[in-house]
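Hi,

Here is the structure I promised to pass on. Have a look at it first, then read my notes below.

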Amino acid sequence: MSVPTADHTLDEILNLAALHFKVPREKLTPDDDFFKTLGIDSLQALDLLTRLEHHFRIELPDYELQGVSDFRTLANRIQARL
Amino acid sequence: MSDFKGQTLSWQIVNGAIELALHRDPCNEIGSLTLDELEKFAAALPELANGAHALIVHSTLKAGFSAGADLRELFQRGQEMEKGAALRGVREFLERIHSVMNALDAAPLTTIAAVHGVTFGGGFELALVCDIIIADRMARFCFPELRLGLIPGFGGIPRLKRDLGNAVVRDLLLTGRSFNVMKAQQIGLVSQIAAEGEALRVARATASQVGKFDRRTVAAAKAFMKPIPYEELKREIDIFCDLYSRPAVEEGLRRFVENEGVQPYLP
């Protein structure tokens, strides 16, 4: 199975976040602060992390998210586990 | 008391299973009030167990099973009281919660934790005293205590060591990371994974199954295969109290309590 590209991974994250947190997809951009754009707190961020782990079939320790608040960097973290 | 409706939890018997429902907003943080009501439950349990074949512990709150100890209360008590009195208060709390946990651990009927969402710290420890953990796919587990300069204080380390390999226990405790239900099942912690929102339904089906077996046999089998590590549990209280008295812990608790940002549950 081939590994998806980083752009593809980023796109999937944005789609999943928009769907789950009921935010219009066109309002999300890669460099957005996802806490602010999605209006979420840390408990909801963990919820998002769980959904992303299931979607990409990876394990992503939450300390990897330290200092991460934009979708692009999040995508890089996930890409590194694919 | 076959049913009870409290401020933090309630119980009732449904189809032969005791259902203990946690419902203290925002996420079943375990403080003094919850402890009081858990003690009521532990006192009622022997009689309840006579008329039931299983116990299911679950949460009715969307956020999750339980976020663990009430850190705000722990911090406030530390600020309001003289250090010696605060430490004595912490030890007393731990001894009381251990007594409850031990009673649940030793219950003479099959116990099932039906978990979802955040299952952290003391909440994770509450799930660990149960014989079987059933988790929905959004459950997330964590022992974050090292982030605060503490160790789990409600019996988590001795029970984790009882159930899992030591390498896994070291990974979870020393990194303080949260992990999902796939990992939890892979390491042998979670017995069944349910769809989102379905953990209680699956737990009820499991309770119905275990209810087919002779109660005395179940009690004897449990007592034989599930030793309670009493000495280690007492030692955990001593280590916790020793760590609690350090300034780093007060600072860690203050950072958590005063965090106005969005990330208190992230490492």
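Here is what turned up, mainly in chain B.

First, the ground rules: this is a predicted model, where local features need pLDDT of at least 70 and side-chain atom pairs count only at pLDDT 80 or more, while totals for chains, interfaces and linings use all residues. Residues are numbered from 1 along each chain as its sequence is written, and chains are lettered from A and ligands numbered from 1 in the order in which they are written.

Overall, chain B has 11 helices and 11 strands (DSSP runs numbered from the N terminus: H or I of at least four residues for helices, E of at least two for strands). Its C-alpha atoms fill a box of roughly 55 × 35 × 35 Å along the principal axes.

Now zoom in on strand S3 (residues 17-22) of chain B, where 5 of the 6 residues are buried (20 or more other C-beta atoms within 10 Å of a residue's own, with C-beta atoms placed from the backbone). On one side, S3(B) pairs with strand S2 (residues 9-14) of chain B, antiparallel over 6 bridges; strands pair if DSSP finds at least two bridges between them. Ser10(B) has Ala21(B) in S3(B) as its bridge partner. These two strands, S2(B) and S3(B), make a hairpin with 2 residues between them, and Asn15(B) in the turn has a positive phi of about 50 degrees.

S3(B) also pairs with strand S4 (residues 54-59) of chain B, this time parallel, over 6 bridges. There, Leu20(B) sits opposite Val57(B).

Cheers

Note on methods
Buried ≥ 20, exposed ≤ 12 C-beta atoms within 10 Å, placed from the backbone.
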